[in-house]
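I opened the model to look up two things: the ligand site, and one serine. My entries follow.

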Amino acid sequence: APQDFDVVIIGSGGAGLAAAIQAHDDGARVVIIEKMPTIGGNTIKASVGMNAAETRFQRQKGIEDSKELFYEETLRGGKFKNNPALLREFVELAPEAIDWLENHDIELSDITITGGMSLDRTHRPADRSAVGGFLISGLVKNINRRNIEVLLETAVSKILYEDGVVTGVEVVDEYNDARILNARSVIVATGGFSANREMVVEYRPELDGFVTTNHKGATGSGITMLQEIGADTVDMSEIQIHPTVEQTTSYLISESIRGGGAILVSQSGQRFFNEMETRDKVSAQIIALPEKSAWIIFDEQVRQNNKATDEYMAKGLVISAPTVHELAVKLNMDQSALAATMNRYNQFVTKQQDDDFGRTTALRHPLNEGPFHAIRIAPGVHHTMGGVTINTDTAVLDSQQQVINGAWAAGEVVGGIHGANRIGGNAVADIIIFGILAGRNAAAFAKR
Ligand code: ADP
C-alpha cells in the first residue's frame with residue numbers, strides 16, 4: 001500500500017531542507033525525496049553568502065541599511081523585471097530568515113558585499129568560509145535531530161493531481177522500482193536547470209558550449225513536472241552567466257574575492273571594467289575581450305581574508321609569484337602593463353575613487369602584499385532566474401493565475417523574484433525565506 005504523508009518535499013537543497021524543518025515543526029509528517037546520492041543540491045556549492053537588510057548582525061556592526069534600499073538595488077540589478085510582490089516579500093522576510101537560521105544554530109554573523117549592492121549586507125559564517133557547505137551541514141543537523149526521513153537516489157517522476165488537488169508523487173528508487181507516495185501537500189524544491197544543456201539552449205541558443213558551475217542534478221525536472229499539471233512559467237530565457245568561472249574545472253571563483261578587493265585584468269594587463277558591477281555586465285565585458293577570458297588578480301592580504309582561496313590553491317587553480325613582475329611573466333603578460341595597472345588601482349584605493357571605471361565598493365586596500373595571485377576565468381552558466389510562477393504564499397499558479405491546490409514551490413525552481421539578473425547573495429536568501437514559508441503553508445494546508 002502507498003505510504004501517506006502530509007507533506008512530500010522534492011529536493012534536498014537549501015529550500016527543501018528549510019521547508020522540511022519548518023513543516024515538521026508545524027506538526028506535519030514529512031519526507032524529503034532526493035534523486036542524487038548526496039544531500040545538498042546546488043546549494044552546497046553556494047559561495048558568497050545570504051543578503052538581508054536591517055538584521056541584528058548589521059546593527060551590531062553599525063551598518064545602516066534599509067529594506068527599501070535592498071529592494072531598489074535588487075530591482076535595478078534585475079533590470080526592473082522582478083515580480084514586485086515577491087520581491088517585496090523577499091526583502092521584508094530576509095532579516096527574519098537570518099534569525100530563523102540563528103535559532104537553528106546556523107549563524108551568519110560576518111558580512112560582506114556583492115556586485116550591484118551599495119553596502120555590506122551579504123551574511124556569511126563568522127570564519128568567512130563558503131556559505132553553502134556551512135548552511136547544508138547546519139540544516140542536515142536539524143533534519144537528523146528531528147529524524148526527518150530523506151530518500152536518496154530516489155527521483156520523483158510525476159506529481160499526481162486529481163479532481164483539482166495534488167494527491168502525491170510517483171517516485172522511482174535506486175533499484176528502478178516505481179511506487180506512489182500519498183501526500184496532501186507537495187513542495188517542489190528541485191532547483192534550476194543550468195545543468196540541462198538542451199533546456200538552456202532551447203531558451204538561449206547563444207549559450208551553447210558554455211560550461212556550467214552547477215551540479216549534475218540541476219536539470220529543471222520540477223519545472224517540467226509542474227507544467228504537466230498546469231503550472232505557468234515566467235522569465236525562462238533569463239539565464240545568468242557568472243563572470244568568474246575557472247574553465248578547465250568549471251569551478252566558480254567566488255564573488256567574495258572581488259568583494260574582498262580583487263581586480264579583473266585582461267591578457268594585455270589592463271583593467272577593463274568596474275569589477276563590482278552586476279554579473280550580467282561583468283560577463284558581457286569579459287566575452288567582449290579578444291581572449292573571451294580574463295585574470296582575477298589579488299594579493300596575499302585578500303587571500304588570507306578569504307577562506308575560499310584555500311580550496312582554489314588546493315585544486316591548483318591559482319598562479320602565484322612573489323612580485324607583480326614575476327606574476328606577469330608567469331601569466332605571459334606585459335610586465336610593465338600589469339605593474340602600471342596595479343599601481344594605478346592602488347592609487348584609486350588610497351583616494352577611494354576609481355577614475356577609470358567608477359568602482360565605488362570594495363576598494364578595500366592597496367594590492368601590494370606579496371605573494372600575488374591570479375586565476376584565469378571566463379563566464380559560465382550559473383543560475384536560471386526563470387521558473388514556475390507562485391503567489392506570495394508560495395502556492396504554484398496556473399496560466400489563469402489560479403492556485404494549483406496542494407502544489408507549492410520554493411527556491412531556484414521558481415521564477416520572477418530575481419528578474420533579469422540575480423544579485424550575488426540573493427539565491428541563498430531566496431531559498432531560506434521561501435523554503436520556510438513553503439514549509440509553513442504546506443503544513444497548514446495539509447492539516448486543513
Ligand atoms: P535550491 O537552491 O532551490 O534549494 P538546489 O539545486 O540546491 O535547489 O537543490 C535541488 C535538489 O533537488 C537537488 O539536490 C536535485 O538533485 C534535486 N532534484 C531535482 N529534481 C528532482 C527530482 N525529480 N526528484 C528528486 N530530487 C530532485
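Which polar backbone atom is 3.3 Å from an oxygen atom of the ligand? I found that it belongs to G14. I count a polar contact as a pair of N or O atoms within 3.5 Å; within protein, one must be able to donate a hydrogen and the other to accept it, and residues adjacent in sequence count only if both atoms are side-chain atoms.

For the record, this is a predicted model, where local features need pLDDT of at least 70, side-chain atom pairs count only at pLDDT 80 or more, and totals for chains, interfaces and linings use all residues. Residues are numbered from 1 along each chain as its sequence is written, and side-chain values use heavy atoms, with hydrogens and water left out.

I then looked up the ligand nitrogens. A polar backbone atom of V156 is 2.9 Å from a nitrogen atom of the ligand, and a polar side-chain atom of S221 lies 2.8 Å from a ligand nitrogen. The protein covers 97% of the 580 Å² of accessible area that the ligand has on its own (Shrake-Rupley method, 1.4 Å probe).

Next I checked S194. Is S194 buried or exposed? S194 is buried, because its relative accessible area is 4% (buried means under 20%, exposed over 50%, partly exposed in between; 1.4 Å probe, protein chains only). The S194 side chain reaches the backbone nitrogen of H383 at 3.5 Å. Beyond four places in sequence, S194 has contacts (heavy atoms within 4.5 Å) that include V200, N214, H382 and E412. I also noted E412 among the closest residues to the ligand.

Methods
Near = heavy atom within 4 Å.
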